[in-house]
Every structure is written in structure tokens, then in C-alpha cells.
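Below are some points on this model, set out for a colleague who has the coordinates open. They go from one sheet to the other, and then to the cores and the helices.

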Amino acid sequence: MGANWLHGVGGRMKNPLYKMSQKIHLKTSFSDFANVSYNTYKQGGGLYEDKEVKSAIRRVEEILELAQNCSRNSDDDLSILAFERLKKLEPKTMLEKMIEYFYFDGEQGEGSRVTSLKHVLPFAESYNYGDNSYFVADSRGFESLVHYIAKQFLSYHNHIVTDPRVKFNEVVIEIYQSESGVIVRTEDGNMYQARLAIVSPSLGVLQNDLIKFIPELPVGKRIAIAEFDIGVYTKIFLKFPHKFWPTGNGTEFFFYVHERRGYYAIWQHLENEYPGSNIMFVTLTDEEAIRVEQQHDKKIEEEAMNVLKEMFGENIPNPTDIMIPKWKSDRFYQGCFTNWPVGYSQERHNEL
């Protein structure tokens with residue numbers, strides 16, 4: 001389960017992806033976070049008061065405003081967490097840490113402790129295109145946007161790529177470059193030759209040497225690859241025999257506040273997108289996402305259910321199905337969400 005949202009709608013510029021989605025009539029659903037202050041649950045059970053949550057939200061919004069001004073007006077780089085400490089605004093309570101987690105980890109896949117203020121803020125999508133987000137609830141999936149572009153230069157039949165130039169299910173393991181061109185070798189022994197090659201795998205793949213480059217990439221490019229960050233952003237989907245959570249306006253998202261940062265923290269039900277599906281999912285990032293990937297599915301289900309029981313009581317049903325993407329352990333991805341780390345220069349990024 002890959003990308004789910006079209007971010008950046010309703011702003012001063014028109015998001016080209018959103019324009020494409022309208023052209024192909026992609027089914028989407030507006031994601032309304034406005035009332036999450038009423039749906040924030042405590043560790044051990046019970047809800048936070050609306051005013052407590054709104055106070056924590058205002059605190060992070062103040063940090064964002066100050067940090068964005070600093071980003072525009074200073075050449076210095078520091079982590080977002082360091083900036084919070086500098087301004088005496090570091091989150092202290094579990095609730096404050098959870099709201100900060102939602103705003104930063106939920107956007108970047110990694111924490112404020114490692115994220116570059118200079119190069120991440122203001123968030124480019126919301127700054128350029130607007131703050132609204134739409135969940136893609138279309139059976140064609142987010143990939144239909146890729147196909148919309150690809151159909152402009154590839155052959156298709158019945159919505160399937162039939163262009164002979166496209167080679168599926170071939171794992172590239174070696175790229176040899178010389179003055180005469182490029183030779184690409186695949187895992188099953190096939191070889192392809194061309195004048196030029198564009199290489200665009202996941203950063204995680206490049207960092208883990210799945211592809212051997214001959215000659216070796218220049219040291220500057222290898223450093224640029226090694227120093228950039230790719231995090232893990234995992235959504236765990238659970239299907240139940242019936243819904244036991246609130247539905248209707250202002251109930252789509254709910255937070256769980258735990259002493260451990262990001263522990264089964266951000267929840268969403270899909271009754272708006274898929275009425276009657278009885279599906280909800282939880283988002284985990286960074287260290288929690290990596291930790292969960294290393295566990296058996298039953299252990300993950302047990303942890304998620306313990307959290308849900310704290311929120312909704314002991315008498316809720318067990319899920320009938322669970323889906324757990326494991327991006328970190330998938331050798332073709334080895335992560336799924338790049339993040340600009342503090343101290344990583346624009347010049348190095350250009351090298352990347």
C-alpha cells in the first residue's frame with residue numbers, strides 16, 4: 001500500500017497532480033483534521049479536553065510560524081528540535097510531544113531532532129499549493145496518475161502497458177558505463193545496451209548496494225547518497241466485522257497519546273471513503289515503524305488492539321483481516337519516505 005493522499009490543494013498555485021486527478025476523474029475524499037482536538041485519547045483511556053489539545057496545536061503552529069521566518073531569513077541550518085530549544089518552545093508534556101509528532105514526523109517520516117529547518121520549512125506542498133489534502137479512494141489507485149503520464153509516450157492496451165521497450169520483472173544488479181555507452185545487467189543474466197541510462201531507484205536501494213556501478217560512482221555522489229535520509233512511513237490497515245468507533249462529521253481522525261513517541265499514534269477510519277467497509281488504519285513512522293516491521297503480524301495486531309481497547313473499551317471485536325506493508329525490509333525499497341537531514345547542503349543535494 002503506497003501513496004494515499006493528494007497533498008497541497010486550495011492554495012495560491014494549482015497543484016499539477018490535482019489537475020491530473022480531475023482530468024481522469026479520480027475519486028478522492030477531503031481529509032478533515034479540524035476536529036481532531038475532540039478525538040485525542042489518553043494512554044490508559046479517556047479523552048483529553050478540547051482546550052488542552054487546541055493549546056498544544058497553537059504551540060506547534062507558533063513554532064511553525066517562527067521557524068518558517070527563520071528559514072527564509074537565515075543562511076544557518078539547524079534541526080527543528082534545536083530551533084524549538086532555542087526559542088524555549090520544546091514540547092514537554094506527552095500531549096505536546098504527540099501534536100509535534102503529528103506536524104513533523106507525520107509530514108516527513110522522521111523526527112524534528114534530525115530534520116533540517118532550512119530545507120524543509122515551510123512545507124513546500126502546503127506553501128505553494130495549499131493546506132488541503134484529499135485521500136485517494138479509487139480502485140485504480142494513486143498509480144493511475146503515473147499511467148496518465150505514461151500513456152503520452154508508451155503503448156497501452158486495455159489499460160495495460162504493452163510497449164516492448166518496457167521490461168517488467170527484471171532486477172538490475174549492475175550498470176557498466178564507458179565512453180561507448182552503458183550496459184545494464186539484470187539478475188537473470190539479461191543485458192541491455194544504450195547510449196545513456198537514467199537511474200531512479202529508491203534512495204534506500206542506492207544506500208544498500210543492490211546495484212553495482214562500474215566504475216564506482218564519484219566519491220562526492222556516494223557521500224551525497226549516504227548522508228541523505230530515507231525513513232519509514234507505515235500504515236497498518238485493520239478490517240473489523242462491524243465498526244465500534246464514532247463516525248460522521250469531525251470523527252475521521254483520532255490521536256492516541258503515549259509516553260513513547262509515535263506509538264500507534266495517528267488513526268483514521270475509512271467510513272467516509274468506503275462506507276460500510278469497517279476499516280481503519282494507524283500510521284507509524286521512523287523507529288516505531290522499523291521496530292514493528294521486525295515483529296510477527298500477530299504481535300503487531302496484539303499491540304494495535306491493546307491501543308484500540310484503551311480508546312474504545314475491552315468489548316471491541318478482533319479484526320477479520322490485517323494488512324501490514326513492510327517497506328524497510330522490502331529490498332526494492334528499503335524505506336519509503338525521504339527527509340532532508342540537518343546539515344545537508346543544497347550543493348550536496350544537487351550532487352544527489
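Two strands are taken to pair if DSSP finds at least two bridges between them. The structure discussed here is a predicted model, and the points that follow should be read in that light.

1. With that criterion, 6 strands form an open sheet, and their order is 3-13-14-15-12-16 with mixed pairing. Its edges are strand 3 (40-41) and strand 16 (321-323), each of which pairs on one side only.

2. Strand 15 (residues 279-285) deserves a careful look within this sheet. It pairs with strand 12 (residues 233-239) in the antiparallel sense over 7 bridges, and it pairs with strand 14 (residues 266-269), again in the antiparallel sense, over 4 bridges. On the strand 12 side, Ile236 has Val282 as its bridge partner in strand 15, while Thr234 has Leu284; on the strand 14 side, Trp267 has Val282 as its bridge partner. How many of the 7 residues of strand 15 are buried? The count is 6, so strand 15 is largely enclosed by the rest of the structure.

3. Two helices can be placed against this sheet. Helix 10 (residues 286-293) lies across strand 12 and strand 15, and runs at about 115 degrees to strand 15. Helix 11 (residues 297-312) packs on the sheet and touches strand 3, strand 12, strand 13, strand 14, strand 15 and strand 16, its direction making about 100 degrees with that of strand 13.

4. There is also an open sheet of 4 strands, ordered 9-8-7-10, in which the pairing is mixed. Strand 9 (191-194) and strand 10 (212-214) are its edge strands, each pairing on one side only, and the twist from one strand to the next averages 15 degrees. Strand 8 (residues 181-186) and strand 9 run antiparallel and are joined by 4 bridges; Ile183, for instance, has Gln193 in strand 9 as its bridge partner.

5. Turning to the interior, the largest nonpolar core has 49 residues, and Met98, Ile99, Phe104 and Leu121 are those with the most contacts inside it. At least two residues of this core come from each of helix 2 (50-73), helix 3 (80-86), helix 4, helix 5, strand 8, helix 8 (203-207), helix 9 (219-227) and strand 13 (253-256). Another core, of 28 residues, lies apart from it and has Phe244, Met305, Phe312 and Ile316 among its members.

6. Phe104 and Ser112 are best examined together. Leaving aside neighbours within four places in sequence, Phe104 is in contact with residues including Val60, Ile63, Leu64, Leu121, Phe123 and Ser112. Ser112 itself lies in the loop between helix 4 (94-108) and helix 5 (117-120). Is Ser112 buried or exposed? With a relative accessible area of 3%, Ser112 is buried; apart from neighbours within four places in sequence, its contacts are Ser79, Ile80, Leu81, Glu84, Glu100, Phe104, Asp105 and Arg261.

7. A last point concerns a pair of helices. Helix 1 (residues 16-23) and helix 7 (residues 143-150) pack with their axes 10 Å apart and at an angle of about 85 degrees, which means that helix 1 is roughly perpendicular to helix 7. At this contact, Leu17, Met20, Ser21 and Lys23 of helix 1 meet Leu145, Tyr148 and Ile149 of helix 7, and the residues involved divide into 5 nonpolar, 1 polar and 1 charged.

Technical notes:
Residues numbered from 1 in each chain as written. Predicted model: local features only at pLDDT ≥ 70, side-chain atom pairs only at ≥ 80, totals over all residues. Heavy atoms only, no water. Buried < 20%, exposed > 50% of the residue type's maximum accessible area, 1.4 Å probe, protein only. Contact = heavy atoms within 4.5 Å. Axes fitted to C-alpha atoms, helices over the stretch in contact; angles between N-to-C directions. Parallel < 35°, antiparallel > 145°, perpendicular 65-115°, else oblique. Nonpolar A, V, L, I, M, F, W, Y, C, P; charged D, E, K, R; others polar. Core = buried A, V, L, I, M, F, W, Y, C linked by side-chain atoms within 4.5 Å.
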